[in-house]
Amino acid sequence: MNRNLSATLLALLMTVFSSSASAQIGEKRTDFSIGFNAGFMMNKMDIQPRIKQSYKNFPTIGFTARYVCEKYFTSICAVQIEANYANLGWKEFIEDGTGNTYSRDLSYIQIPMLMQMGWGYEEKGCKFIFEAGPQIGINIGSTEHFGGGEWDPSHRPNNVYQQYGMEVDNKVDYGITGGLGVELSTPIGHFLLSGRYYYGLGDVFDNSKKGTFTRSAHQTIVAKLTYLFDIVKTKRD
């Protein structure tokens, strides 16, 4: 995916997100809930020239706020924003006979801004959820882990070893995220179980002609449990 197409997709998604948040053509709702979330992430880097990797796994935790704005026929429309801590990066799969191991921790504060659609019970019971929207992340740290005895990167596949010791060039990450979930609403709050996929559009390293990598973006699978409690709730007839 080239940069122009990536920018077009992101702009289109943000337009849909903004329109959904502002439109009021169904039954108006003013439900506002806050809470927290925790989950598990599996991350790889979409990187060119290619580096052979296995998934890097790490827990995630954060805060969630949601505003339910309307009910349109059977669809319950909401906007959800989160602030999460995530440890991304990659873990290399090295098969050159040296016994070396390498992984890179890239720590982020991530802010997904989601358009959320639900179908099912609005108050007590379960509903099915679809959510999607833009996400930004701020890099707050980078740590390398070397292992496996004497370090010898000279036999790496494709002769790619420039990533070792390379500083993060772009502190701001951005992309699109989306997924499916199920929500259980009870008298004590809302419990959401969801699965998401994040596709990074921004590159971690310099992708100019002077840079080593033409592509270096995060690809993340997330499983998450969220708890929300109501602060403001629409009065029902």
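Asn37 has plenty of company in this predicted model: leaving aside residues up to four places away in sequence, Asn37 touches Thr60, Ile61, Gly62, Phe63, Thr64, Glu82, Asn84, Lys224, Leu225 and Thr226. Try finding Asn37 on the chain, and you will land in strand S1, which covers residues 27-48. Is Asn37 buried or exposed? With a relative accessibility of 0%, Asn37 is buried, because buried means under 20%. One of the residues it touches deserves a second look: the side chains of Asn37 and Lys224 are joined by a polar contact of 3.4 Å.

Now step back to the protein chain as a whole. Its secondary structure consists of one helix and nine strands, and following the sequence gives the pattern α-β-β-β-β-β-β-β-β-β. Among contacts in the chain with a separation of 6 or more, 71% are between residues 24 or more positions apart. Of its 237 residues, 44% count as buried. The accessible surface of the chain is about 12200 Å², and carbon and sulfur atoms contribute 63% of that.

Finally, let's look at the cysteines. How many disulfides are there? The count is zero. Take Cys69: its nearest cysteine sulfur belongs to Cys77 and is 5.7 Å away. A disulfide needs two cysteine sulfur atoms within 2.5 Å, so Cys69 is in no disulfide. Cys69 is also buried, with a relative accessible area of 1%. Cys126, in contrast, is partly exposed, because its relative accessibility of 43% falls between the 20% and 50% limits.

Key:
Residues are numbered from 1 along each chain as its sequence is written. This is a predicted model: local features need pLDDT of at least 70, side-chain atom pairs count only at pLDDT 80 or more; totals for chains, interfaces and linings use all residues. Side-chain values use heavy atoms; hydrogens and water are left out. Helices (H or I, at least four residues) and strands (E, at least two) are DSSP runs, numbered from the N terminus. Buried means under 20% relative accessible area, exposed over 50%, partly exposed in between (1.4 Å probe, protein chains only). A polar contact is a pair of N or O atoms within 3.5 Å; within protein, one must be able to donate a hydrogen and the other to accept it, and residues adjacent in sequence count only if both atoms are side-chain atoms. Contact means heavy atoms within 4.5 Å. Accessible areas come from the Shrake-Rupley method with a 1.4 Å probe; for residues, only the protein chains shown count as cover.
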